[in-house]
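User: I'd like a close look at one part of this structure, with its surroundings filled in afterwards. Could you walk me through it in a connected way?

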Amino acid sequence: MTTAMKPTMRRDLERIEEVNAGTRTPVVFVHGLWMLAGSWAPWARLFEDSGFVAVPLSWPDDPESVPEAHENPDVFAGKSVGRVADHLQHLIEKIDRKPVVIGHSFGGLLTQILAGRGLSAAAVAIDPAPFRGVLPLPLSALRGSRPVLGNPANRRRAVALTFDEFRYAFANAVDEDEARALYERHAVAASGTPLFQAATANVNPRTEVRADTRNPDRGPLLIVSGEKDHLVTWSMAHAAYRKQQANPGVTEIVEMPRRGHALVVDSGWREVADTALRFVQRFV
């Protein structure tokens, strides 16, 4: 018996076929927890207007839309970092030329994992979740993760954030009206598994939450940090940068002033996107 292909998987494969029929450099966008691939729509338009071809990829079994995700939140449960990374690798390997990879939050972690597997021509990791070897764990990150980590049973569950939890973790650097609009437009449930994996990565030698920072095929990497981010602070982003400096390729880091974790979708997204675009254009 065969399992029916999910609509998002079919859409991603169709998009890759379109990419392979052209010659422009593809840019793969990877979302993080509590978001969907559609959150990258403004970025996709910007990069396409700049001569690239955009490929926002979904995680396994993701719903197609936020309303659909609200109707069936349990679909997110149990997705691990390793499963998502392998799923994205499977899709990227169907592209006939190396793409740029850009990811946010856990998508930023996945971006570094994929780059470490030699799958990217260049990569941008925005407020990236930590991998094994990244040691700082600030109180704000613990508080922002508490809705998931506060209950061990959440490891295998899908967990949705309340507005107040989203406000603290994602939208602390915007006013309340914008925070509420972002919550209603983008927030969906998320697998608790990756947060537990990240929290234990430094004590679990077999963790999936690891990036090969020394692979010479990693390509140029930019890490972007939001100054006001509660979930991934500068200390965490800079620790990842220091680990990545072991690579012979170009490794850079930039801090975006006055920006929180929602910096890729809030009203200031263009400044972040332009920063990523300028970096990519230097190498691709």
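Analyst: Happy to. A polar contact here is a pair of N or O atoms within 3.5 Å, where, within protein, one must be able to donate a hydrogen and the other to accept it. Please keep in mind that this is a predicted model.

With that cut-off in hand, let's begin at S58. The side chains of S58 and R11 make a polar contact at 2.5 Å, which lies within the 3.5 Å limit. Where does S58 sit? S58 belongs to the loop that runs between β2 (53-57) and α3 (66-71). Is S58 buried or exposed? Its relative accessible area is 2%, so S58 is buried, the limit for that word being under 20%. Setting aside the neighbours within four places in sequence, the residues in contact with S58 are T8, R11, D12, H31, A37, H87 and L88. R11 therefore appears twice in the picture of S58, as a contact and as the partner in the polar contact between side chains.

Next, the aromatic residues. A pair of aromatic rings is described by the distance of the centres and the angle of the planes. The search over the whole structure turns up 11 aromatic pairs. One of them joins W43 and F47: the ring centres are 6.4 Å apart and the planes meet at 5°, so this pair is stacked. The cut-off behind that label is planes under 30 degrees apart. Both W43 and F47 lie in helix α2 (residues 41-49), with their positions 4 residues apart, or about one turn of the helix. W43 counts as buried because its relative accessibility is 0%, and F47 is likewise buried at 0%. F47 also pairs with F52, with ring centres 5.8 Å apart and planes at 55°, so that pair is tilted. F52 is buried too, with a relative accessible area of 5%. These three residues belong to one aromatic cluster, formed by F29, W40, W43, F47 and F52.

Moving on to helix α3, this is the place of E68. E68 has 35% relative accessibility and so counts as partly exposed. Its C-alpha atom is separated by 9.5 Å from that of V188, although E68 and V188 are 120 residues apart along the chain.

Another separation of this kind involves F163, in helix α7 (residues 163-169). The C-alpha atoms of F163 and A187 are separated by 9.1 Å, with their positions 24 residues apart along the chain. F163 counts as buried because its relative accessibility is 9%. Leaving out residues up to four places away in sequence, F163 touches E176, A179, R180 and Y183.

Finally, the pocket. The largest pocket holds about 360 Å³ of space. It is lined by 27 residues, and the closest to its centre are P130, L137, A198, A199 and M236. Two or more residues of the lining come from each of α6 (139-149) and α9 (193-200). By type, the lining divides into 22 nonpolar residues, 5 polar residues and no charged ones.

Technical notes: Residues numbered from 1 in each chain as written. Predicted model: local features only at pLDDT ≥ 70, side-chain atom pairs only at ≥ 80, totals over all residues. Heavy atoms only, no water. Buried < 20%, exposed > 50% of the residue type's maximum accessible area, 1.4 Å probe, protein only. Contact = heavy atoms within 4.5 Å. 1 Å grid on protein atoms, 1.4 Å probe; cavity = no way out; pocket = protein on both sides within 12 Å on 5 of 7 lines; lining within 4 Å. Points joined across faces, edges and corners; volume = space filled by probe spheres on them. Nonpolar A, V, L, I, M, F, W, Y, C, P; charged D, E, K, R; others polar. Phe/Tyr/Trp six-rings, centres within 6.5 Å; stacked < 30°, edge-to-face > 60°.
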